[in-house]
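Hi there,

Here is the structure I promised to pass on to you. Have a look at it first, and then read on for my notes.

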Amino acid sequence: MLVCDDAIFMRTMVGDILQQAGFEIIGEAETGVQAVEKYKQLRPDLVTMDIVMPDMGGIDAVREITKFDPNAKVLMCSAMGQQALVVEAIQAGAKDFVVKPFQPSRVLEAVQRVLG
Amino acid sequence: MDPSRYAELFLTESQEHLSAINTSLLELERAPGAEAPVAALFRAMHTIKGMAATMGYQAVTEIAHEAESLLDGVRRGALRADHVLADLLFATADLLERTIEATTDGHAPPDAHDVLERMRAMTRLARATPPRSLASVRGGAAGTRVVVTLEPDTPLKGVRAWMAAQKLAALGRLVATEPAEAALQADQFDRTFTVILETAAAPDLLVQVARGAGFVESAEVHVPGAAPAVSPAPVTEEHEIPERASGAMHRPSGAITAEFAIPEGAERVRTQRHIRIDLRRLDVLMNLIGELVIARGRLQAIAADRKDAELDDALAHASRLVSELQDEIMTTRLVPVWQVFDRFPRLVRDAARSLGKDVDFVIEGKEIELDRSMLDEIGDPVVHLLRNAVDHGLETPAERRAAGKSPSGRLRLAAMRDRSSVLIRVSDDGRGIDRERVLAKAKRLGLVEPEVEALADDELFRMIARPGFSTSEQVTDLSGRGVGIDAVATRVRQLGGTLELRSEDGRGTTVTARLPATLAIVRAVLARVADETYAIPMTHVSETMELAEHVNETVKGREVLSLREDILPLMHLRDLVQLPRHRDRINHVVVLEMADKRAGVLVDRLLGQQDIVVKPYDGVRGGLALFSGATILGDGAPALILDVNSLL
C-alpha cells in the first residue's frame, strides 16, 4: 500500500487503519509528484490518494499513475462537498473513494472493492 | 479508534497550516489576482477540515469547510480576491486559530456565527456562476432499468450513484438516469435512483456490477418484457482481509510519523530523513545530559584528588564523549527562527492598519537557528518590540512625507549569528526616541541630575528600561502601558542575554537582543561565601585574582579596585547576599565584565570553573534581582547563578 496525503495526521491515520487490518504500508507520499514517483518505484497493490495536495494534486497524480500503469488501483480520499473533484478523479482512473472523516470499516470496505 | 492519540499531532500540524494560511493571505493581499496563494489557502483549509472532521471537532470543521467553499469560488474565478475578501479570510484565520486552541484545550469554541454567515453570503454570491457540469444524459427513455437503492447516510451519495451509472454503462450504452445525471450528482434524490441502459448483459451481472459501486443496499433489474432480477437481500459481508506478503519493505510498527525513506537503487529520489519527536523527549534528554555533565564534574573532582594517571586518562576520554554528546543534543534542539517569526508579518500588518500606517516589513536571517525553548521565550519580547516600533517609532504617511521620507515606514527584523550568540535585531526608520522628553521625565523623576543636557544611548536605554517609565501620554491598544522595554529587557536577561538600544533623532531606532544560541549549560566560575556556593557565568568573567593589599583603595568613601590602568568599583558578595562581612580580610576577586562596564566582586573562596546546568529559578521576579537562575552542583547542593547584568 502506498499512502498519499499532505497531512502527516491523515497519513498516520490511514496507515494505522490499513496496518491494523493486516496490510503493509510500503511507502508514503506527501505531494502528487512524490506519489507518482513512489508508485513507479514501489508498484504498490493499492494507493490511497488525497485529492488536494501541493505540487501536483491527487487527480493529476491519478492521471499520471494510470498512464504508467492502466491497472493501477487508486482509492481517492475526499472530503464532503467534493463531488465534482471525486468524479473527475474517477474519470482520471481512480477506482473508488472514501469520504473523510474516515471510519475504519468504510475504508476497508472500499479497499476490498478496489482490490476486487 | 482513540482520537486523543492524534490530538497533539492535530494541534501541531494545524498550527503549521495556520501559519501557512497567514503567509498566503499576506501574499494574496499584495497580489490580489494571484493563483498560487489561493491554491495554498484552499489546501491548508482543506487539510485542516479533514483532520478536524476525523477528530470530531465540529466547530473547526465547519469553519474550515465554509472557508474552503469560499476559496473554491475564488479558485473558479467566480469571486475576486479583493480587500473585502482578504479581510474576511483574515478574520476567518483568527477565528479558526482560536477555535482550534479552544477545542484542543477542551473549552467551548468562540462564537463563529458572524464570520460563518459572512462567508456563506459570499459563497452564495459565487454560486451565481454555475458549477462545471458533466456530460448530461437524456432522461425518460426505454431500456433495461436498473433500480439502485443506496445505504442510508451514504457519504457523497451523488458520486456513488454516478459511479454505479458509469460502471453499468460499461456493459452497454447508457440511455438515461432518473433523476437526470446533473441532479444525481447534486444529491437531488433520496436513496433510490434508476439507470436505464441498452445492454445484452445478464441481469445478475448488472446487479453485481451496480453493487460494485459501493454503499449499495439493493439493486433490481427490470428488463423490458421479463421478470425483474433482484439483488440478494442486504448482506453483511464478512470481509476477509488478506495476509499481505508482497513488497519488500517493512515499516517499523512503532514509528508513527516517520518520513519513510526508501533504501533502494540508484535512481532514488531525494528523500527526507526527518522524524518528529515530541519536544518533551528532547527536554528529558537535555536534563539527562545536564545530570551527566554534573556527574562528570564530580568525577573530575574525585580524580583530581587521586592523581591516578590511568583514571585521568579514562576520564578524559569519557569527558570528551560527554562533551560531544552535549553538543549533539544542543544541536538537535536548534530550530530556525522562522518557526516563530513567520507569524509576525500578519501581526505587523494588523498593527499598522489599525494605526493607519504603511509599513514595509522585512524579516532577514529566517534560517538562523536557536534553541527551541529559547525561541519560544523570545517570541513575546520580539512582538513587543515590533509593536513598539509600529506604534511609537514609525510615523503616519503624512508625517513621513512632511519629514521628506518615503510614505511607508521600514521595519526590519533580523536574526544574525555572532560567534556563540544569536543577535535578534528590530530596527525601524521612524522618528527615533524623543530624548528631550525622556530627559525631562527622568529629571522630573529625579533619575538624573538637573544639569545634565543630553542622554547617551546607554543612559537613554537605562531610563526607558526602568519599570514603569514610559513617555507615551496616551495608552494605546498596542503598547505604551509602561511595561514595554523593561519587560523585554528582563526576559532577555533571564535567557542569559543582553539588550542594547540605539536611537537617532528622526532616523529611527534599533533594539538588539544578544542571546546565547543554546540554552541550559554554561561554563561558570564557582565562588564560595559562608556555606553557600554561587555560580558566575564565564561569559561575564574577565579574570579572577588574588587581591594584593595595596590595590584595595577607597575613593569618595567607596571601595575600589585598581586594576592595571583602571579603577573599578569593588563589591562584597557578602553584602549583596546580606551576610555580615567576614571577620578576616578576604582577598579573592572575580572581575565581572559586561559590555564596557566592569566591577570586582570579593568572595570568600574560589572553587574553580565548571559546566553548570541552568535550571529555571522562580525567585527571580519577586525576590532579589541578583540571580538569574539556579543550578545543582556535583555534590547535589544547589547554587544560585549571579545575574551580572543587574550587578553592573
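Let me start with helix H9 of chain B, which spans residues 279–306 and contains B:Leu285. Please keep in mind throughout that this is a predicted model. Together with B:Val284 and B:Leu288, B:Leu285 makes up a nonpolar patch on the surface, and the three share about 270 Å² of accessible area. Is B:Leu285 itself buried or exposed? Neither label fits: its relative accessibility is 40%, so B:Leu285 counts as partly exposed, given that buried means under 20% and exposed over 50%.

Now to the inside. In soluble globular proteins, nonpolar side chains tend to be buried together. Here the largest nonpolar core has 117 residues, and A:Leu18, A:Met49 and B:Ile21 are the ones with the most contacts inside it. Helix H2 of chain B (residues 36–55) gives this core its largest share, 9 residues. Where does the core sit with respect to the domains of chain B? Residues come to it from both domain 1 (4–127) and domain 2 (144–230) of that chain, so the core lies between the two.

A:Met49 is worth a click in your viewer. Setting aside neighbours within four places in sequence, A:Met49 is in contact with ten residues you can pick out by eye, including A:Cys4, A:Ala35, A:Gly58, A:Ile65, A:Leu75 and A:Cys77. Another core lies apart from the largest one; it has 51 residues, among them B:Met374, B:Ala442, B:Val492 and B:Ala517.

Next, the charged pairs. Side chains of opposite charge can pair when their charged atoms come close. Over all chains, the structure holds 35 salt bridges. One of them joins B:Asp87 to B:Arg353, with 2.9 Å between the closest N and O atoms. This pair links distant parts of the chain: B:Asp87 belongs to helix H4 (residues 83–105) of chain B and B:Arg353 to helix H12 (residues 344–354), 266 residues apart. B:Asp87 has 30% relative accessibility and so counts as partly exposed; B:Arg353 is also partly exposed, at 44%.

Two further salt bridges can be found in helix H5 of chain B (residues 113–127). B:Arg118 pairs with B:Asp114, the closest N and O atoms being 3.9 Å apart. Why are these two separated by about one helical turn? They are 4 residues apart in the helix, which gives that spacing. B:Arg118 is partly exposed at 38% relative accessible area, and B:Asp114 counts as partly exposed at 48%.

The other pair is B:Arg120 with B:Glu117, where the closest N and O atoms are 3.0 Å apart. These residues are 3 positions apart in helix H5, about one turn of the helix. B:Arg120 counts as partly exposed at 23% relative accessibility, and B:Glu117 is partly exposed at 30%. Elsewhere, salt bridges that share partners join B:Glu29, B:Asp87, B:Asp94, B:Arg346, B:Arg349, B:Asp350 and B:Arg353 into one network.

Finally, some totals for chain B. Its secondary structure comes to 20 helices and 23 strands, and 45% of its 648 residues count as buried. Among the contacts in chain B with a separation of 6 or more, 66% are between residues 24 or more positions apart. The chain exposes about 33600 Å², with carbon and sulfur atoms supplying 50% of that area.

Best wishes

Definitions and conventions:
Residues numbered from 1 in each chain as written. Chains lettered and ligands numbered in written order. Predicted model: local features only at pLDDT ≥ 70, side-chain atom pairs only at ≥ 80, totals over all residues. Heavy atoms only, no water. Core = buried A, V, L, I, M, F, W, Y, C linked by side-chain atoms within 4.5 Å. Buried < 20%, exposed > 50% of the residue type's maximum accessible area, 1.4 Å probe, protein only. Domains from an automatic or database assignment. Contact = heavy atoms within 4.5 Å. Patch = residues over 30% accessible without salt bridge, like charges linked within 9 Å, V, L, I, M, F, W, Y side chains within 5 Å. Areas by Shrake-Rupley, 256 points an atom, 1.4 Å probe, with all protein chains shown as cover. Salt bridge = Lys/Arg side-chain N within 4 Å of Asp/Glu carboxyl O.
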